[in-house]
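Visitor: Hi! Could you walk me through a structure?
Guide: Happy to, here it is.

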Amino acid sequence: MISIFYFMTFITSLVLSLIYIYEWHKHFEVNISLIFTLIPIANLGYLFAWNAQTKESYILAVKIIYIGSCFMIFFINMSVFRLCGIIVKRWVRTLLFLISLLMYVGVLTIGYFPVFYKRLFFQRNENRIIVAKEYGPLHTVLFVYLGIFFICSLCAILYSLHRKRQISKEILHLLILPEAVTFLGYVGTNVISKHMEITPLSYNLAQLLFLLIIRRMSLYNIDDTVIDSMVQTGETGFISIDFNHRYLGSNATAKTILPELNTLRVDQSIDSYESLKDNISHWLAHFEDDNDVSKNLFVKRNPEDEDDFQVFDVTINYLYIGSRKKGYQIFLRDDTKNQKYITLLDKYNNELEEEVSAKTDQIIEMHNNLILSMAVVVESRDNSTGGHIKRTSDGVKILINEIRKDNKFNISEEFCKDIIKAAPMHDLGKIAVDDAILRKPGRFTDEEFEKMKVHAAEGAKIVHKILKDTDDESFKIVAENVAHYHHERIDGSGYPEGLKGDEIPLEARIMAIADVYDALVSKRVYKESMSFEQANAIIMEGMGKHFDKKLEEYYIKARPKLEEYYSNL
């Protein structure tokens, strides 16, 4: 039964340490990490001690056990001081650790010198062991050392509860418990049970309590969060609030902007603080209603001079610990200069809008003319008789007018304008094709056709470079798609990507019909123009193979207008 107890306390300590590893963040106290490392080792020592078969193996297990006794109290105290906001000087930490180390060196003398144990009697009888110990002077020193540590940490906690506002009372109350259960585990074993050590169980309880502490501690560790590293520049105020509207902390800048924060205690509800109801409580209510990043303006006026004021941009979003939402972050950034500048700009807003609109229209017109001129230059290198870009643009317009009558494709007016405007750019990539191929008066060889096919992808690159700085994102996408994919076929046999079906953008599918139709009914260096009947037969045969079958009905409706248009050229 006792063996099972030691086994279960060891397994429990391992499980709790694994939970700590799962919860671990880089801002967790390193001393707590060491505590979760040492406890499974110490509990393993208790398991080995109970199952020891010889005196030598029992002594080895005892030495493992005392790793916890000698060092655990040191790391617990260091974590307490750190969480209480008490800075322990480096030389003091080093000295205390060396004392703990010397205590453990004394433990290592067991079996060799009568310093820690004067005598040790060991006997194993079937399923139990009989151990009698006569303690040496160093064992007494160790217990005094443990008692001093316990008193020091208790005093630190009580001092922080009384004097420090920026330390969570909840954490301070919790800190007392692992100290107490660990100390009682050391000194209370013989009182509670003469046959079994309760220290391993006290270690498990300490682990549980520290898990509760770190879960809450991560909310208050303002100095170690990424957000705080941004706000400690002195220019941005930062406030942390949990989901229960309890104050978690703030930086010095925030306390300057909102002096009420200096008297607000950590964990105090801001909703109960009258002077904060009109700002922080109001901001949070607005954020919770929108359930998204919220922005507000906070105006702080000088009570002695109404014309002297500051305007702060208030941004609220969620406070994350790892990937979990734990509360709210409030950022306060001085935006006075910007707001005054915006006010000044508002006075001249109408005049500026008119002037900018006129200039913008002029720039757009120049830009469009430049693109059209580039398309004409490229066309002049081709083996067509000229006018291809204008004819295909007009062909696209005729098709679009039919498509939007019933609007089964749910296209917008903006899309219609964009594709008509983009049509002249569809063959810009031919500028990258060698003249010998581009102007060849006849059919291409396979090798020549492969070189000719690069114009689609090159055209998309050229269009992207021309339009990369435009604000008209929808037009840029349409223009790139028209240039890139107008030679794709609905059955996937086209180029350059071999797209099929609806993978091909709608604008490219429309452009393909207009482009092929013009090539068929127009005269080229290497061929005469086809009759409308011949061209129509080829287009209809290509529906569902080359062209989108869903566009067939619109082509049929547009056919009379296309024939009328080309007849009048």
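Here is a short chat about one strand and one surface patch.

Guide: This is a predicted model, where local features need pLDDT of at least 70, side-chain atom pairs count only at pLDDT 80 or more, and totals for chains, interfaces and linings use all residues. Residues are numbered from 1 along each chain as its sequence is written, and side-chain values use heavy atoms, with hydrogens and water left out.

Visitor: Is strand β3 enclosed or open, and why?
Guide: Seven of the seven residues of β3 (residues 236–242) are buried, so the strand is largely enclosed by the rest of the structure. Buried means under 20% relative accessible area, exposed over 50%, and partly exposed in between (1.4 Å probe, protein chains only). Strands are DSSP runs of E, at least two residues, and helices are runs of H or I, at least four, numbered from the N terminus.

Visitor: Which residues sit on each side of β3?
Guide: T236, F238, S240 and D242 are on one side, with G237, I239 and I241 on the other. In a regular strand, side chains alternate between the two faces of the sheet.

Visitor: What does β3 pair with in β7 and β4, and how many bridges are there?
Guide: β3 runs antiparallel to β7 (residues 324–334), joined by seven bridges. Three bridges link β3 to β4 (residues 247–250), also antiparallel. Two strands pair if DSSP finds at least two bridges between them.

Visitor: And which partners does I241 have?
Guide: Y328 in β7 and Y247 in β4.

Visitor: New topic: is M1 buried or exposed?
Guide: M1 counts as exposed because its relative accessibility is 82%. M1 lies in the segment before α1 (2–23).
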